[in-house]
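Colleague: Got a minute to go through this one with me?
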Amino acid sequence: MICLIPTPNLMRKTGFLLPLMVVVLLPTFGATLSADSQNITTDQLALLALKSHVSHDPGNLLATGWSTSTSVCNWIGVTCGSRHHRVIALNLSGMGLVGTIQPHLGNLSFLAWLNISHNSFHGSLPIELANLRRLKYLDLGHNSFRGEIPSTIGNLSKLEKLNLNDNDFEGQIPTAIGNLSNLEILFLDDNQLSGSIPSSIFNLSSLQKNSLRSNKFSGHLSSDMLDHLPQLWLLYLSGNQLSGKIPTSLFKRKELQYMALNNNQLEGTIPLEVGNLTSLISFDIYHNNFVGCLLRSLRINSIQLEGPIPQSFANCKDLEVLDLGNNKLNDTFPNWLGNLTNLQILIMRSNRFYGHIANPEVASSFSHLWVIDLSDNDFSGCLPTKFFENLHAIINGIEKKGRAEYMVYEPTDMILYTEEALFITFKGLKYKLKGILTTLKVIDFSKNRFNEEIPEILGKLGSLVVLNLSHNILTGPIPSSLSNLSNLESLDLSSNKLQGRIPAQFVNLKFLEVLDLSWNNLMGLIPRGSQFDTFTNDSYIGNLGLCGFPLSKDCDNDRDLKSPDKKRELNWKFSILMGYGCGVVFGLSMGYIVFTTGKPFWFIQIIDRVQQKYVGRKNRRSGGRK
């Protein structure tokens, strides 16, 4: 074992270290004691001041949970740090509290998280909140605060989320908010804020979500408003009084997913640069003063759009493709779209549209339309005859000849398309077509509540390729006029209440590849020949009256083919034959019984007299010949 014994020289050299260590460490030790004793008392006093100004505590959460007999760190909604044992988080959200915020709250110097949202706090915000220099999360939303937002809020340099939404704040946004360089989320919506939006907000390079909707902001949008916001993916400016044109810089942020500019006073045209927003999920621009639109194609499907179709689309006079599929749009059929005389493709499937489709008032409505998909909605009533009569692009379409031609645009045309493709449904399966063939004429009204009979006018849509009326409540026979659809490749009338026979003329549909007539009330022989020889049982399943190939049920020598009139005629003749046969059998039987028993006697005498007269006449005739 080695022992180190200090020498006098060494002791003389190190003797000064002890007082030096006392001088250096004593303040730190004293600060620690102060943080654990005096300053925790400061936190307690600040919270008790808050409690004393809560006039209504419906759950008695503060009355029973904030007691001086227990440690502050054990109070409801209070979290203390493990290092300094100071209050670092206060969460009183959704407790139904009514009261005001006092300046003492600014004494919680270690506070990093403050959430008192969804209560009924009122009054103005004390400027002492600016003392919370460690604060990263501030949520005062869904209360009744009023007055102006204090400019000292710009001193909270570490703030990452600021939520003051759904209050009664008024006045302008303080430009000092632009000092919050770490801010990622800014929610000031649903207040009474006014004036112009300060440009300093658009210099917050860390900002990801910015919602200023439902206020009274006015003025023009800055031309470079998004140039310094590389991480922004949500921008809500709707429900204000913003005017001027939409700045083209707004469409430079390809990260944008949600953008709402609706319910303002914006004007001009919708910029073509809207096509740059390849990540866009939701884009609301309705209820503005747009006077024109240069878009030729607008595809905003699968973005959870709600409400009616924005009527601002009526300004897009050059629009050729409108795809609104797979949203939550809730409206009747927009006949005003018929004013878009260049519209060729209309996709409205998988929404919540409802009601009857009224016949368009203008004869030229939808005259260029050649793809229309209204499937999977709640439309009802009879199929719109006048609507079909106006589909001149399908009635007068080109025949199937020559090379395939696709719908194309000039290179300068910006298209709001997630992908340039078209989805159509064949026999319940959705197919994605890479490109839009100009010869592909489609009508899909499936999965609705259309009733009554299929109109004969459909037979005049000569260039129609796909017709899907399945999963409705259609009745009556299948019109034989459908056999005139010489270009038809897919016909789906399944899951209706159709009756009668399959028109024999359907064998003339030379291009028919998919046929589904299943789950109806059809009867009779299935036509044979041409494409009908290629269809399987699945095309006819659920029709108990059908017979013939490919079904295993035979038609019993055409018995099932007889019309109702023929069957009634056969039944009449059969009844006569049955009666005649029964009479013959009964007569022979009775004759046998009478002659073998000799009874009744009077009947036997009559027979004898008749027989004697007949024999006498025969003998006289024989004697005369001799």
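Modeller: Terms first: strands are DSSP runs of E, at least two residues, numbered from the N terminus, and two strands pair if DSSP finds at least two bridges between them. This is a predicted model, where local features need pLDDT of at least 70, side-chain atom pairs count only at pLDDT 80 or more, and totals for chains, interfaces and linings use all residues. Residues are numbered from 1 along each chain as its sequence is written, and side-chain values use heavy atoms, with hydrogens and water left out.

Colleague: Which strand does strand 8 join over two bridges, besides strand 6?
Modeller: Strand 10, residues 168-171, which runs parallel to strand 8. Gly-147 stands opposite Phe-169 there.

Colleague: And how does strand 6 pair with it?
Modeller: Strand 6, residues 120-123, pairs with strand 8 in the parallel sense, also over two bridges. Gly-123 has Phe-145 of strand 8 as its bridge partner.

Colleague: Which residues of strand 8 are on the covered face?
Modeller: Phe-145 and Gly-147; Ser-144 and Arg-146 are on the uncovered one.

Colleague: Switching to cavities. How many are there?
Modeller: Four of 30 Å³ or more in the whole structure. A cavity is a set of points on a 1 Å grid over the protein atoms alone where a 1.4 Å probe fits but cannot get out, and lining residues have an atom within 4 Å of a point. Points are joined across faces, edges and corners, and volume is the space filled by probe spheres set on them.

Colleague: What is the volume of the second largest?
Modeller: About 60 Å³. Its lining includes Leu-125, Pro-150 and Thr-152.

How values were computed. 1 Å grid on protein atoms, 1.4 Å probe; cavity = no way out; pocket = protein on both sides within 12 Å on 5 of 7 lines; lining within 4 Å. Buried < 20%, exposed > 50% of the residue type's maximum accessible area, 1.4 Å probe, protein only. Helix = DSSP H or I, 4+ residues; strand = E, 2+ residues; numbered from the N terminus.
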